[in-house]
Amino acid sequence: MRVSLETQKVPERLSILVVDDDDDMRAGIRDGVLALGHECTVAGDGAEALLLNEGRRHDVILSDWRMPRMDGIELCRRTRGLDVDGRYTYFILLSAFGDKRHYIEGMEAGADDYYTKPFDLNELRARLMSAARVVSLYRKLGDQNRALRRESQNSFREARIDPLTGIANRLRMSEDLDVFRSRAERYGHRFAAALCDIDWFKNYN
């Protein structure tokens with residue numbers, strides 16, 4: 001990998017996992033990632049990388065294609081299975097293969113980017129700038145989805161609480177009675193409902 005010291009650092013700091021079974025290549029990519037101002041973790045194959053990423057999700061994975069135990073394609077597929085709740089790992093496949101067939105196979109496995117070795121630091125910087133935009137977008141979408149879920153849950157609760165007394169209202173009672181009735185029918189239980197009248201209720205009001 002050719003390193004240019006004139007390259008400026010990438011503005012957004014990313015957590016990056018570099019995966020390669022070649023010690024020299026792994027060290028070179030790691031040095032390039034660190035030179036660009038990012039955090040970097042390394043792994044010698046896909047199986048080790050998967051364990052590391054399950055323990056702590058990374059923003060970007062730079063993975064070699066051909067590796068022992070688990071190759072880059074399988075690592076990419078399994079990484080996609082971890083992308084839930086707005087978290088997304090940008091996956092870049094590195095390979096000595098330059099033909100279109102391998103490119104398509106990598107994209108079908110879920111990779112976001114694919115390019116052949118070797119590459120220089122300026123190219124790595126450009127690729128990570130694209131990765132940063134995608135990761136940032138997924139973060140924003142995840143935050144928005146979580147906020148919407150909280151609002152929905154709050155609205156659900158508020159619709160079932162009487163604002164004056166702070167106790168469950170008629171809607172909640174109707175839903176609870178449906179649950180009790182279904183449970184009684186399923187298990188052969190009995191249940192009863194009591195209706196109570198409170199004298200001078202306006203005084204409590």
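Helices here are DSSP runs of at least four residues, numbered from the N terminus. The model is predicted.

**Exercise 1. Place asparagine 154**

Find which helix holds asparagine 154, and decide whether the residue is buried, partly exposed or exposed.

Solution.
- Step 1. Locate the residue: asparagine 154 lies in helix H5.
- Step 2. Recall the cut-offs: buried is under 20% relative accessible area, exposed is over 50%, and partly exposed is in between.
- Step 3. Take the value for asparagine 154, which is 34%.
- Step 4. Conclude: asparagine 154 is partly exposed.
- Step 5. Add a distance. From C-alpha to C-alpha, asparagine 154 and arginine 170 are 18 Å apart in space, and they are 16 residues apart in sequence.

**Exercise 2. Glutamate 74 and arginine 77**

Show that arginine 77 and glutamate 74 form a salt bridge, and explain how they are placed in helix H3.

Solution.
- Step 1. State the test: a side-chain nitrogen of Lys or Arg must be within 4 Å of a carboxyl oxygen of Asp or Glu.
- Step 2. Apply it. The closest N and O atoms of arginine 77 and glutamate 74 are 3.7 Å apart, so the pair counts as a salt bridge.
- Step 3. Look at the helix. Helix H3 covers residues 72-80, and the two residues are 3 apart in it, so about one helical turn separates them.
- Step 4. Check accessibility. Arginine 77 is partly exposed at 45%. Glutamate 74 is partly exposed at 27%.

**Exercise 3. Glutamate 74 and arginine 78**

What is the N to O distance between arginine 78 and glutamate 74, and how many residues apart are they in helix H3?

Solution.
- Step 1. Read the distance: the side chains of arginine 78 and glutamate 74 form a salt bridge at 3.0 Å, N to O.
- Step 2. Count along helix H3. The two residues are 4 apart, so about one helical turn lies between them.
- Step 3. Classify arginine 78: at 43% relative accessibility, this residue is partly exposed.

**Exercise 4. Arginine 160 and glutamate 175**

Describe the salt bridge between arginine 160 and glutamate 175, and state where each residue sits.

Solution.
- Step 1. Give the distance: the side chains meet at 2.7 Å, N to O.
- Step 2. Place the partners. Arginine 160 is in the loop between helix H5 (121-158) and helix H6 (170-187), while glutamate 175 is in helix H6.
- Step 3. Note the separation: they are 15 residues apart, and the pair links distant parts of the chain.
- Step 4. Classify both. Arginine 160 is buried at 13%. Glutamate 175 is partly exposed at 26%.

**Exercise 5. The wider picture**

How many salt bridges are counted, and which residues do shared partners join into one network?

Solution.
- Step 1. Arg13, Glu39 and Arg56 are joined into one network by salt bridges that share partners.
- Step 2. The count comes to 13 salt bridges.

Definitions and conventions. Residues are numbered from 1 along each chain as its sequence is written. This is a predicted model: local features need pLDDT of at least 70, side-chain atom pairs count only at pLDDT 80 or more; totals for chains, interfaces and linings use all residues. Side-chain values use heavy atoms; hydrogens and water are left out. Buried means under 20% relative accessible area, exposed over 50%, partly exposed in between (1.4 Å probe, protein chains only).
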